[in-house]
Amino acid sequence: MTITSSRADARPGTDAHPLHPEHTPTGTVQLGVFFQGVNSSTVWKLPSSGDQVAWESFERLVTKAQDGIFAAFFLGEGLRLREHRGVPFELDVAGRPDAQTLLSALASITQDIGLVATQNTTYNDPADLARRLQTLDLLSGGRAAWNVVTTDNAWTGENFRRGGYLDHADRYTQAAGVVDIARRFWRGEKIDHHGAHYTVQAQGSLPRSPQGEPVLFQAGVSPSGRDFAAATADVIFSPYGSLDAAIDFRRDIVDRTLAAGRDPQSVLIMPGAEFVLAASDAEAHDKLVWLREQQIGPQQAIAFLEQFWGRDLSTFDPDGPLPDVEPEVEESDVTRGSGFQFGKAKELTESWRAEAAEKGWSILDFVRARQGSRGGDFVGGYDTVADRITEFARVGAIDGLNITPWLIPSGIDDIVDELVPRLQDRGVYPTEYAGSTLRANLGLPIPA
Ligand SMILES: Cc1cc2nc3c(=O)[nH]c(=O)nc-3n(C[C@H](O)[C@H](O)[C@H](O)COP(=O)(O)O)c2cc1C
């Protein structure tokens, strides 16, 4: 991918045309590895696919990431299994050990890498959550982070004692309150809070860790999610991994950060990314085609479409055209927990049918193209991808990338062995850990 017009003139620190006049690119990137909470993108049917919940898989992955000077090992969270036709969705790799328990164990076998727990603010109680995160921060010597999420589906909400579910706007109001209480708890303040959703009378009693308190990540990109991140987060885990989208997102976040009265340099952005690498570009593109075949078979393709059509499509041929039947627009219980907006079903399925017909795609082709590894800018030969990442860093679009490996546990081996040295040669990636805490490695200050 190439970048256009004024963007091509940008230089870290000496920009004639910076992305934003109030933001100075650092010209460097960090890497994280993202272990999803519930997913259908890692390949689980190869002989080399490891157990997705076994200790050995986490141990191998975190050790390799630390060898590659990764800033963070990152756990997603899925609190309720997705269901399909009344039973757990069997084509998902589903379920995850509790993040803080697992990260506490991983802290004992690692020395440098940051440990990021995704924890939602809609269901957790603030003082309890704050104490557990602070414990992880202490146990790890100042390497803990909290990825603050609000979680986007009522299906998960039904599983919790209080029942019900918060409106979108209320979820971020709640998130701001939960984070505020957590921070005060970490600082040992006496808290006496009586709010709409919870009452907290507490005072933190643990000592501060070497990094002061956990780093705050945030994931969720609606306007209110972005405002919340700009006002609160240290690092945003965004879904924008293509250069143009990353540039637009950075500009927007710098504006929102300024509006919130914060220094735009203090909010880092690390998009999620999937890498497909090989010795040459041609080999990497062949590998991507092969990978899509591994990820999406006939069953997955039909099940994927059923989520959007809201009805049984098992009589349709995966090698034939997209279903010519209408979706059932009212909420169906075919797949639950996908976060899909049923009101848009008709519009969406019509546009998909038109796209597939125009391109001559079967159901299988369509779903593979749409759902298979979305490598985007990060599919290519080692040198090509190293050059692209260097470009992202040079223009200041991102501060790092959070990589979802397509294979567990060896999916980052080529990144560590082949890509990292090339990034180091280009001067955009650390050659050693900058310090012993996550804040030190991300270049973040210790909070007062
Ligand atoms: C890159 C990314 C990763 C996310 N990971 C998780 C996760 O692991 N668990 C979770 O419950 N929600 C996760 N979310 C969803 C957020 O919690 C949020 O509910 C959702 O994006 C809706 O918020 P929004 O409307 O502000 O985008 C993630 C969101 C993004 C953008």
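**Exercise 1.** In this predicted model, find how many residues surround the ligand and which are the closest.

*Solution.* Counting the residues around the ligand gives 16, and the closest are Glu-77, Thr-151, His-168, Tyr-172 and Ser-222. Sorting this shell by residue character, one finds six nonpolar residues, eight polar ones and two charged ones.

**Exercise 2.** Work out which atoms of Glu-77, Thr-150 and Tyr-172 approach the ligand, and then state what share of the ligand's area the protein buries.

*Solution.* Begin with the backbone: an N or O atom of Glu-77 lies 2.8 Å from a nitrogen atom of the ligand, while a backbone N or O atom of Thr-150 lies 3.3 Å from a ligand oxygen atom. Next take the side chain of Tyr-172, which has an N or O atom 2.5 Å from an oxygen atom of the ligand. Finally turn to area: the ligand taken alone exposes 610 Å², of which the protein buries 80%.

**Exercise 3.** Classify the aromatic pair of Phe-74 and Phe-217, and decide whether these residues are buried or exposed.

*Solution.* The structure holds 17 aromatic pairs, one of which joins Phe-74 and Phe-217, with 5.3 Å from centre to centre and 75° between the planes. Since planes over 60 degrees apart count as edge-to-face, this pair is edge-to-face. The pair links distant parts of the chain, as Phe-74 belongs to strand β3 (residues 72–75) and Phe-217 to strand β11 (residues 215–218), 143 residues apart. Both Phe-74 and Phe-217 are buried.

**Exercise 4.** Identify which residues form one aromatic cluster.

*Solution.* The members of this cluster are Phe-304, Phe-308, Trp-352, Trp-361 and Phe-366.

Terms used
Residues are numbered from 1 along each chain as its sequence is written. This is a predicted model: local features need pLDDT of at least 70, side-chain atom pairs count only at pLDDT 80 or more; totals for chains, interfaces and linings use all residues. Side-chain values use heavy atoms; hydrogens and water are left out. A residue is near a molecule or strand if one of its heavy atoms lies within 4 Å of it. A polar contact is a pair of N or O atoms within 3.5 Å; within protein, one must be able to donate a hydrogen and the other to accept it, and residues adjacent in sequence count only if both atoms are side-chain atoms. Accessible areas come from the Shrake-Rupley method with a 1.4 Å probe; for residues, only the protein chains shown count as cover. Ala, Val, Leu, Ile, Met, Phe, Trp, Tyr, Cys and Pro count as nonpolar, Asp, Glu, Lys and Arg as charged, and the others, Gly among them, as polar. Rings of Phe, Tyr and Trp (its six-membered ring) pair if their centres lie within 6.5 Å; planes under 30 degrees apart count as stacked, over 60 as edge-to-face and the rest as tilted. Helices (H or I, at least four residues) and strands (E, at least two) are DSSP runs, numbered from the N terminus. Buried means under 20% relative accessible area, exposed over 50%, partly exposed in between (1.4 Å probe, protein chains only).
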